[in-house]
Amino acid sequence: MAPPSRVRVALLVSFSVFLTVVLGFGLPTLLNAGIRILGLQETSVTECIVVLYLVFVLYIATPRIPRGQVQVRGKAVLITGCDRGFGHELAKHMHKVGFKVFAGCLLKAEKGEGAKKLEELCSDRMKVLQLDVCSQEQVDRAVEYIQDNLENSGLWAVINNASLSTFGEVEFTSMDTYKQVSEVNLWGTIRVTNAVLPLIRRARGRVVNLASVYGRMGNAMRSSYCVSKYGVEAFSDCLRHEMKNWGVKVSIVELGYFKVSRETLASTSTRLWSEATAGVKEDYGMAHFEQQMALMRSQCSSGSGQMDVASVLEDITDAVVSKHPYTRYTPCEPHCWIRVQLTTHLPAAVTDFFYS
């Protein structure tokens, strides 16, 4: 990534100084106003800042407040995309927690490695299903199998994990790519949720949809992925309102940046350039294209590693077992979380300047 210009550095420093001055004089005034309302004695500027800092530290460091847990025994969950990655780890984790797990695998019929490993658990609480979320026929067959193997309580939760990610500037991205990514990420989520919703309603259970921080903020090179994940966010919000009267909780897990293999980056880069039209190649040029690919390599190689899978599993589990789950979970690195907050709360002109 190219270093920031001197003008941008100067503006960033100026903004930091301005923010420091505002915090130094404005916050103590506001805090003292609140203290006067409570009938307490006013404090000094230093004390106000110390108190505010302690509150911030406590907010960051304090573990999640327990909100009660549902009884796991006898409950079943459906998880999509269990061939590898989060879905595979999540299926094993939920089984360990005590759920009966219906693990949907795209490659079960082809004797995929992920499906075989789950079957090797040899547990009557682990049921591995052939499930392509893009196929209505396979989804319907999976629902029939679940119904035949459920207790009378219904299906407690569906976790829509199956996802497809890619990158590329808009003019390098084909309509087929847009359709393919949305077919898995968005329509697959809707298709599976619709199919199992009667079972979820009967159990007054949970719908947990895996979205992304890119479902709340746009980014160069990620339009096809952002489009699909924005849709997941909208679908989940609408469903949450509809399901309130049924006692069904709907949660969104917004994943942060995660590593992508160099092989995937290389193959995608080659495909993008080879499929681009002659006019696009001429206008953008190879130098620009390679610069964008280098930026993607930098972003993807700096994403969260395998150690952070634990935080994702923890948030998904909380959404499934807590009596009062959150609407949104954002397991990601601090800088990513900060960007989401700035992007969703500040004017676009401000965030575009810093992040475009």
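1. Helices here are DSSP runs of H or I with at least four residues, numbered from the N terminus. On that basis, this predicted model shows G98 just after helix α3, where G98 takes a positive phi of about 125°. The helix that G98 follows covers residues 85-97, which is 13 residues. From the first C-alpha of α3 to the last, the reach is 18 Å, close to the 18 Å expected at 1.5 Å a residue.

2. The buried residues of α3 deserve inspection alongside the geometry of the helix. They are F86, G87, H88, L90, A91, M94 and H95. Two histidines, H88 and H95, thus stand in the buried set with residues such as F86 and M94.

3. For the chain as a whole, the count is 12 helices and seven strands. The chain has 356 residues, of which 43% count as buried. Contacts between residues at least 6 apart in sequence join residues at least 24 apart in 73% of cases. The accessible surface of the chain is about 19,900 Å², and carbon and sulfur atoms account for 59% of that area.

4. The cysteines call for a separate remark. A disulfide is a covalent bond between the sulfur atoms of two cysteines. The structure holds zero disulfides. C332 is in no disulfide, and the nearest cysteine sulfur, that of C336, lies 3.8 Å away. The pair C332 and C336 does not qualify because a disulfide requires sulfur atoms within 2.5 Å.

5. Is C332 buried or partly exposed? With a relative accessibility of 21%, C332 counts as partly exposed, because buried is reserved for values under 20%. C226, by contrast, has a relative accessible area of 6% and is therefore buried.

6. Which residues make the nonpolar surface patch? W337, I338, L342, L346, V350 and Y355 form this patch, with an area of about 470 Å². Helices α11 (334-345) and α12 (348-355) each supply at least two of the patch residues. The largest share, three residues, comes from α11.

7. V350 illustrates how a residue enters that patch. The residue lies in helix α12 and has a relative accessible area of 31%, so V350 is classed as partly exposed. Membership of a patch requires over 30% relative accessible area, and the 31% of V350 therefore passes that cut-off.

How values were computed:
Residues numbered from 1 in each chain as written. Predicted model: local features only at pLDDT ≥ 70, side-chain atom pairs only at ≥ 80, totals over all residues. Heavy atoms only, no water. Expected span 1.5 Å × (residues − 1). Buried < 20%, exposed > 50% of the residue type's maximum accessible area, 1.4 Å probe, protein only. Contact = heavy atoms within 4.5 Å. Areas by Shrake-Rupley, 256 points an atom, 1.4 Å probe, with all protein chains shown as cover. Patch = residues over 30% accessible without salt bridge, like charges linked within 9 Å, V, L, I, M, F, W, Y side chains within 5 Å. Salt bridge = Lys/Arg side-chain N within 4 Å of Asp/Glu carboxyl O.
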